[in-house]
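This report looks at how two helices pack together and at the state of some cysteines. Please view the sequence and the structure before reading on.

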Amino acid sequence: AVVSTQSTGKLSKASDSDIPTLLLQVEQLLDKHDGQEIRALLWENEIMSAISDVIKQDFDALRVPWSTATRLCALLAKCCMGFTQSGEFINVFLPLVADSFMELANNIQGLSDPREEDFRQCLECVFWLVDHTPSLGQSLVDSPRLLTMLMSEGSTGIEVCLLKLLRVVLTQPTASNYTIDHDKLMVIFDEVMLKMTVQDVPVLQQIGADVIYQAAKRHTPFREILLANGEEVVDLLKVINTAPGAHDNVNSLLIYIEQLQKEEIEKARLNRSATKIQACYRGYAARRELRLNSARISKFQLKFRDWLQKKREKEEEQKERDIENELS
């Protein structure tokens, strides 16, 4: 009753700046009634949708702290976690929620003095959603905000959070089935390598190397990009690997690239060998066919000569009979 009447009534009468605070009261309901029933009521009365819409707002314009936005983000994630509902909730609403979280993170990153803690909490909500519903990974990969945030400069803490998000998305069980545009993969690859090499921060190098390693293992197009840039990447990684604070992930990526290069060389060698074998076989088959054709022609010629000889003999016999008949 509280959800269906009081909450919706207060929301319809409240000013824009009061709505976020009112929605935070839902936290008390979840604390007291942590179950499917309360979540179903929040869903049916569109409280979840209201929270998702509010998260997208400019909290500076509302004169509300951005920490309130991250609390709402965590609240909505808690509402969605463990809630089993119709296909509309999973296939339509959850991707919208993930997009709202990404938009909030993008807005926080774009502030003149963004708080790393707010940004981290926001992306942690995305982690929870993806872990709970792995199919959301494709929606996040398709989101233009992912590339926008990757291509933006930020503090070390924000960069670490972004790389962790990328790793979570690309290591989901459904990751191998993602459909990712080649140009987008190139941008992701370039940005991760840029963060690893331009900023001499061991933790960025560690996570960035793991992102590339995990993505290459699961996505053939990404693996092809890594191979195409293998020599340059190896040179950069060797410089990183000799620097103080180098981590095992960088060395693991180096070993993986060398393994891929060896496999590619072996594959090329096998292809050349197969080409030679095929050429030899085609030559053998052509020569065998030529010999068979020559034998067939010889046999035909022999039969034709026999037929022609018999024909001539018959004609000679006929001529002799004709002459004998004339003489008689």
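The sections below describe a helix pair and then two cysteines in this predicted model.

## Geometry of the helix pair

Two packed helices are described by the angle between their axes and the distance between the axes. Helix α7 covers residues 66-80 and helix α8 covers residues 87-109. Their axes come within 11 Å and cross at roughly 160°. An angle over 145 degrees counts as roughly antiparallel, and α7 and α8 are therefore roughly antiparallel to each other. The crossing in which α7 passes α8 is left-handed.

## Residues in the contact

On the α7 side, the contact is made by W66, A69, T70, C73, L76, A77 and C80. They meet F89, F93, L94, V97, F101, L104, N107 and I108 of α8. By class, the residues of this contact comprise 13 nonpolar and 2 polar ones, with no charged residue.

## Cysteines

How many disulfides does the structure hold? The number is 0. C73, one of the α7 residues that meet α8, is in no disulfide. For C73 the nearest cysteine sulfur is that of C125, 3.6 Å away. A disulfide requires two cysteine sulfur atoms within 2.5 Å, so the 3.6 Å between C73 and C125 does not qualify.

C125 is likewise in no disulfide, and the nearest cysteine sulfur to its own is that of C73. Are these two cysteines buried or exposed? C73 counts as buried because its relative accessibility is 0%. C125 is also buried, with a relative accessible area of 1%.

Note on methods: Residues are numbered from 1 along each chain as its sequence is written. This is a predicted model: local features need pLDDT of at least 70, side-chain atom pairs count only at pLDDT 80 or more; totals for chains, interfaces and linings use all residues. Side-chain values use heavy atoms; hydrogens and water are left out. Axes are lines fitted to C-alpha atoms, for helices over the stretch in contact, and angles run from 0 to 180 degrees between N-to-C directions. Helices (H or I, at least four residues) and strands (E, at least two) are DSSP runs, numbered from the N terminus. Angles under 35 degrees count as roughly parallel, over 145 as roughly antiparallel, 65 to 115 as roughly perpendicular and the rest as oblique. A crossing is left-handed if the near helix is turned anticlockwise from the far one by less than a right angle, and right-handed if clockwise. Contact means heavy atoms within 4.5 Å. Ala, Val, Leu, Ile, Met, Phe, Trp, Tyr, Cys and Pro count as nonpolar, Asp, Glu, Lys and Arg as charged, and the others, Gly among them, as polar. Buried means under 20% relative accessible area, exposed over 50%, partly exposed in between (1.4 Å probe, protein chains only).
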